[in-house]
Structures are given as C-alpha cells and as structure tokens.
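Student: I have just opened this model and would like a close look at one part of it. Could you take me through the second largest pocket and then its surroundings?

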Amino acid sequence: MKLNTQIVLSYLTSLLVPLALIGTALRILLSPIFINVEYRMPYFPADEFGFTQQDRLQWAPFALEYLVNSADISYLGDLKFDNGTPLYNERELSHMADVKNVVRGALQAWMISLVGLILIAVLAYRQKWMPDYILGLRRGGMWMIGLATALGLIAGVGIVLNPDVFWQFFTLFHQVFFTGDSWLFYYSDTLIRLFPIRFWQDAFLWAAILALGGGLALAFGIRSAKS
C-alpha cells in the first residue's frame, strides 16, 4: 500500500506540474510587462479607428488590473473617453466579467497546484521517497514540453503561415470557457482595438515559451535523488 501511495502521489505531482507552469506563465502575462513590450513591437497592427500606441498603453492596463483585483465591473464601466463616451459597451463589460471568472478560476488552480507540489514534497521528504517525487517532477516536465510545443506550433503557424489555424483554436478555446458568441465583437469595439488577434497569438506563443522553459528545466535540469 505504501508503494502504491507513492506511485499515485508521484503521478499526481506530474499532473500538477503543467498547472503550475501554465499558471505561472499566465500570471506573468497578466502583469504590465507583457503589454508594454507587445504594443511596442514594430509588427503590432495599428488601430484603424484611431487608437495610438499611447492610447493603448493608457487603457489596456485597466483591463488587466480588473482581471486580478477584487473590484466589480464598475471598475471598467466607469471608464470614459475624453468626450464622455463610455470606454466599453454593455456587451464588452459582460464579457469582461466572464473573463474575470475564468481568470480567477485559473489562478486558483495555479495556487492549488503550487500548494499541492509543496505538500507532496514535504511528505516525500519526511517519508523518504524523494526519488519518486523527483521522478514525478521530471515526468510532469516532459508532459509540459509536449503541451507547450503543441500550443507554440498552433500560435506560430497562425502567425507565420495560416491565420485560420490559430482562429480555429481560439474559437474552440472560447467555446469551452464561454457561453455562446458572447466573446465576438465589432472591430470598432474597444476590446478588439486594444487586443486584436495578433495580441492573442503572441500571448499564447509566449505562454507556450515560458511553460516550455519550465518544462525543460524540470525534465532535464534536476537529477533523481537517492533514497
């Protein structure tokens, strides 16, 4: 029974690793660092309806901050352009509220995965089965390499070769996490002007790169411990 418990917890460790790495990548992308770099890329598409780079740098941080703070939707609903027009319409605000719920769930899963990995590590150390725990980390790293490579290929092919590849993935992603077509907007809507499809292609690509780096570090950067 002891051996079986160790094996189960070793595989649980492997399952928690991708959650921890993807969650870490998500949290990094939700920081101001990503948008400050992304909007300054020479290839980033201009807004045909008039947002300048400075406009995007002014308004986008509010959307990201809303996703990680405890404020209600009025945090975004109260934002207005200089002429008094609301920054977001009701459909956009409704979608952002849904996005916040999804992000909150993802970040909770991230925290749970980190706590789980720490608790299993403590248990493995105290019960002297660290080799199985290390094996679980390495196995999880290998799984993450596979997942990150697939995600990176989808984003990369969408950028370089065929935009439809990423769009189909993006559509499926929204169909899984959101109801109906609540995530579809006009090109003139603020959300699209701030976050065009190229933004999301790069976001998924960087999430894959960050998670891949973590997976490689775990899979090949740590050695099996001796009992």
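Student: What volume does the second largest pocket have?

Tutor: Happy to help! This is a predicted model, in which local features need pLDDT of at least 70 and side-chain atom pairs count only at pLDDT 80 or more, while totals for chains, interfaces and linings use all residues. Residues are numbered from 1 along each chain as its sequence is written, and side-chain values use heavy atoms, leaving out hydrogens and water.

The second largest pocket has a volume of about 160 Å³ (the space filled by probe spheres set on grid points, which are joined across faces, edges and corners). A pocket here is an open set of points on a 1 Å grid over the protein atoms alone where a 1.4 Å probe fits, with protein on both sides within 12 Å along at least five of seven lines; lining residues have an atom within 4 Å of a point.

Around this pocket you will find Ile28, Leu29, Ile33, Phe34, Val37, Glu38, Met41, Tyr43, Trp206 and Leu210. Sorted by class, 9 of the lining residues are nonpolar, none is polar and 1 is charged (Ala, Val, Leu, Ile, Met, Phe, Trp, Tyr, Cys and Pro are nonpolar, Asp, Glu, Lys and Arg charged, the others, Gly among them, polar). H1, H2 and H9 each give two or more residues to the lining, and H2 gives the most, with 4 residues.

Now step back to the chain around it. The protein chain has 9 helices and 0 strands (DSSP runs numbered from the N terminus: H or I of at least four residues for helices, E of at least two for strands). Its C-alpha trace spans about 70 × 40 × 30 Å along the principal axes. Of the 227 residues, 40% are buried (under 20% relative accessible area with a 1.4 Å probe, protein chains only; exposed is over 50%, partly exposed in between).

Some of those buried residues form cores. The largest nonpolar core has 33 residues, and Tyr39, Tyr88 and Phe195 have the most contacts inside it (a core joins buried Ala, Val, Leu, Ile, Met, Phe, Trp, Tyr and Cys through side-chain atoms within 4.5 Å). At least two residues of this core come from each of H1 (2-29), H2 (32-38), H3 (53-68), H5 (90-126), H8 (190-194) and H9 (197-221). H3 supplies the largest share, 7 residues. Leaving aside residues up to four places away in sequence, Tyr88 touches Ala63, Leu76, Leu79, Leu93, Thr190, Leu191 and Leu194 (contact means heavy atoms within 4.5 Å). Another core, of 16 residues, lies apart from the largest one and includes Leu16, Ala20, Met144 and Ala211.

Finally, look at the rings. Phe, Tyr and Trp (its six-membered ring) pair if their centres lie within 6.5 Å; planes under 30 degrees apart are stacked, over 60 edge-to-face, the rest tilted. By this rule there are 22 aromatic pairs. One of them joins Phe51 and Phe81: their centres are 6.1 Å apart and their planes at 45 degrees, so the pair is tilted. Phe51 sits in the loop between H2 and H3 and Phe81 in the loop between H4 (74-77) and H5, so this pair ties together parts 30 residues apart in sequence. Phe51 is buried, at 9%, and Phe81 is partly exposed, at 22%.
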